[in-house]
There are 2 protein chains.
Amino acid sequence: MASKAPPIDRRRQILDAAIRVFARQGFHSTRVADIADEAGVAYGLVYHYFKSKDEVLNELFSARWSLLLTAIEETDREGTSPRAKLEAVAGFIVDSYRRDPELMKVIIVEVTRAANSFGRTHLPEIRRAYDSIAKIVADGQAAGAFRGDIDPTFVSMSFYGAIEQLLSGWIFEVIPASDADFDQARSLVVATICDGLEPR
Amino acid sequence: MASKAPPIDRRRQILDAAIRVFARQGFHSTRVADIADEAGVAYGLVYHYFKSKDEVLNELFSARWSLLLTAIEETDREGTSPRAKLEAVAGFIVDSYRRDPELMKVIIVEVTRAANSFGRTHLPEIRRAYDSIAKIVADGQAAGAFRGDIDPTFVSMSFYGAIEQLLSGWIFEVIPASDADFDQARSLVVATICDGLEPR
DNA sequence: AAACCGATTGACTGGTCAGTCAGCCAGCGA
DNA sequence: TCGCTGGCTGACTGACCAGTCAATCGGTTT
C-alpha cells in the first residue's frame, strides 16, 4: 500500500465546524465546547490550533474577505464598462452567498454588521472594499459613463448597503431565496443603481 | 410654596443613561452596574423599573421604531408623489440620526443590524417598515411613476439598506458626518434610486 | 408618634464559560 | 524494546456578571 491516508487537517476541520455552529447559534452564544463537539474533537484541541475563540472567527472572516477584495480589484483592472464592473462585484457577492450561505451568514452577521465588536477590528479591511467600489464609480464618472454630481463614496456605501441588506433578507428569511432570486438580485440592484427607478 | 419640585422620572433617567452607555460600549459589554452608575442610581433600582437588562434595550428600540413606522405610514397617506414620499422617509431617518445620534446608533447597531439577537425579537416591527416602503414603491409602479419590472420588495430592501449603510458610515466615522452631508444624503439616495447613476 | 409603604440601596449568590494544564497515547527512531 | 515527541484529551479554575433580596430611608396616613 504505497498510498498513506491523507493526514486529517484538524485546523480545517475545526474551522468548518465553527462555520456551522456560528451560523446556527451566532458567535456569542456558541461555547468553544460546541465547536469542539461539532468537529468531533476534544475541547483543548481548539486551543492547540487557535489562540482564542475570537481568532477562529477572525480567521474565517479574513480568509473570505481577502477573496472578495481580490475579486473586486481584479474586476476593476479588466477593461469592461463601469456598469459591467458593478455587475461583476454584485455577482461575486451574491454567488459567494449561493455557494456557501453559512460562511457568508457568519461573515455578515458577526463581522460586517457587527461594527461594535468584530467589525471594529476589521474596519480597515472592510473599508478597502468600500474604497475599491468607490474607485469604480469615480472612474465611471470621469469617463462620463456615470453622472458626476453624486459623491462616489455615497454611491459605494449605498451600493454595498443595498446588496448586504438583500443578503440579510435571505439569511433571515425576510425575502425568498430561490436560485431565480439570486440571479435577479444581481441585475436588479445594478439596474436600480444605474438606471434608476423612474422610467426613461 | 405652592410649586413642588417635579418628581424625578427615574425610569427616564435610567433609559437616558442606558442610551449613553450602550452607544459608548455596546450592549454586550455594558454591565448593568454601568447603567446605574451613569444614571447616578443604585444598582438594584434598575431592576425596580425594568425586568432585565434586555428590557431596557427593547424599550429604547420599540419607542423609537414606532415613531418611524408612524412617520412612514403618515407620509404614505399624504397625496404627494412616490418620489416625494421616499424622500420624506429618507429625510425622517436621517433627521432622527441628526437629532439623537446616540439613540440611533444603539438602535441600528444593537437591534436592526443585530439580526441574530435583538433583531430576531423585533423582526415583525422591522419588517413592517420594509413593507410600508415596498407599498410606496408598488403604488408608484401602479401609477406609472416608477418602472414596473423591479420587485418592490427588492427596492424596499435596497433603499433601506442604502440608508442604513450611510448611517453606519457616519456612526463609525467611515464617512464624514457634517450637517451638509446629512442634507445631501437624503436627496442623493433618492436621486440614485429614482434617477439612476447613468446620465439621461 | 406609630404604623405603613413604596422607593432606594448594594452586598451577595448561582451559574456560566474561556482558557489552562498535567498528563495520555500513537508512531517513530535508536 | 525503550524513550521521545507532539498531537490530543478533558477536568478544572478563576473571573465575570445578571439578577435577588433583606434592609434602610423618607414621606404620608391614621
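Me: Into how many nonpolar, polar and charged residues does the surface near DNA strand D divide?

Reply: Happy to walk you through it, and bear in mind that this is a predicted model. The surface near DNA strand D is made up of seven nonpolar, four polar and three charged residues.

Me: Which residues come nearest to DNA strand D?

Reply: There are 14 residues around the strand, and the nearest are A42(A), G44(A), R31(B), G44(B) and S52(B). Two elements each give two or more residues to this surface: helix 3 (43-49) of chain A and helix 3 (43-49) of chain B. Helix 3 of chain A has the largest share, with four residues.

Me: Good. Now the interior: which residues have the most contacts inside the largest nonpolar core?

Reply: The general idea comes first. In soluble globular proteins, nonpolar side chains tend to be buried together. Here, the largest nonpolar core holds 122 residues, and A18(A), L60(A) and A18(B) have the most contacts inside it. Look at A18(A) in the structure: leaving aside residues up to four places away in sequence, A18(A) touches I35(A), V56(A) and L60(A).

Me: And how many residues of chain A are in contact with chain B?

Reply: The size of an interface is often given as the accessible area lost when the parts come together. Residue contacts offer another view: 43 residues of chain A are in contact with 42 residues of chain B. On the chain A side, helix 8 (123-142), helix 9 (152-171) and helix 10 (179-195) each give two or more residues. Helix 9 of chain A gives the most, 13 residues. By type, this side of chain A has 24 nonpolar, twelve polar and seven charged residues.

How values were computed. Residues numbered from 1 in each chain as written. Chains lettered and ligands numbered in written order. Predicted model: local features only at pLDDT ≥ 70, side-chain atom pairs only at ≥ 80, totals over all residues. Near = placed C-beta within 6 Å. Nonpolar A, V, L, I, M, F, W, Y, C, P; charged D, E, K, R; others polar. Core = buried A, V, L, I, M, F, W, Y, C linked by C-beta atoms within 7 Å. Buried ≥ 20, exposed ≤ 12 C-beta atoms within 10 Å, placed from the backbone. Contact = placed C-beta atoms within 7 Å.
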